[in-house]
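Me: I should like a close look at a single part of this protein, with its setting described as well. Please give the cut-offs for the terms as they arise.

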Amino acid sequence: MSKVKEEKLADVECKSCEGTVGYSDIYKGLWKCRDFELAHYWQRSVFLTAFLLACYAGYGALIAQCATAETVKLPIGIVNGIAFGICVVGIILSLLWIMMAKGSKAWYEIYEAAISAFVDRYAKTREAFAEDLANVAGFYIRDVGEFEQPKKSDWLWNSVGGRYSVSRINVALGHLSVVIWFGLAIVHISIAGANVTSMAELQSRCRLCADPALMCAAGIVALLLFWVYARLVLKSTHLN
C-alpha cells in the first residue's frame, strides 16, 4: 500500500476546522464523551441523595415525635398534613432521581452505540484499527475473543459475581423510593378520611394494623414482587 493511500486511510479531512482529524482522534473523542457521562451519572445521583435523605429524616423525626410524645401541641390534622406534604416532596424527588438516572444512562449508551458504529465501519475493514480493537469496542464480552470467562451466579447469597446492571439498580432505587412515599401518602390520606381526632386514637388504630400474621404476609408478598422485579429488570444486557 502506498504512503499516500495510507495517509488517506489514516486521516479524514475536516472542512469545518483547520488541519485534519484522524480516525484515532474521533475514536478517543467519543470515548471521552462516554466516560464523562458515565462518571457524572453517579455524581448526579449523589446530588439528589442529600435531598431524599433530608425528606426521610424529617418524616422519621415527625413520626417518632408523634409516637413517643404523650401529647402533641399541634392538632392531628396539621401533623397529618405536614407528613403528607413530606410524602409528596419525596415522591417528586424520587421521580427526579429516576429521570436523572435514565437520562444519564441514555447519553452514555448513545456514545457507546456511536463508538460501536464507528468501529464497525472503519475497524472491521482494517482501514484504521486492528480487528481486536473492534471487538473490544463492541461493549459485548462475547466479542472480545477466546478467553476463559469467570464464573457468574445470580444467587444473591453466593459471593461469585452476578449478571446484574449497577445502572439499572440505581434506577430501581428510585422506583423503590416512589413506592415507599406513595404508600405513606395513601396512609395519610386514609387517616384524613377516617376523621381521627386525637393522637391516642391514631395510636390505637395503628396497633390494630400491627398483626403478626398480616405483617408476615405483607413481607412475603414484598419479597416475591422484588424477586420478579429483579429477574425481569435488573439483569445486565451485555452480561446476559
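The reply below turns to Glu37, which lies in helix H2, and then to the cysteines.

Reply: This is a predicted model, in which local features need pLDDT of at least 70 and side-chain atom pairs count only at pLDDT 80 or more, while totals for chains, interfaces and linings use all residues. Residues are numbered from 1 along each chain as its sequence is written, and side-chain values use heavy atoms, with hydrogens and water left out.

The protein has seven helices and two strands, where helices (H or I, at least four residues) and strands (E, at least two) are DSSP runs numbered from the N terminus. Their order from the N terminus is α-β-β-α-α-α-α-α-α.

Glu37 belongs to helix H2, which spans residues 23–68. With a relative accessible area of 11%, Glu37 is buried; buried means under 20% relative accessible area, exposed over 50%, and partly exposed in between, using a 1.4 Å probe and protein chains only. Leaving aside residues up to four places away in sequence, Glu37 touches Arg44, Trp107, Tyr108 and Tyr111, a contact being heavy atoms within 4.5 Å. Across the protein, 28% of the 240 residues are buried.

As for the cysteines, the whole structure contains zero disulfides, a disulfide being a pair of cysteine sulfur atoms within 2.5 Å. Cys87 is in no disulfide, and its nearest cysteine sulfur, that of Cys55, is 9.3 Å away. Cys87 is buried at a relative accessible area of 0%, whereas Cys33 is partly exposed at 31% relative accessibility.
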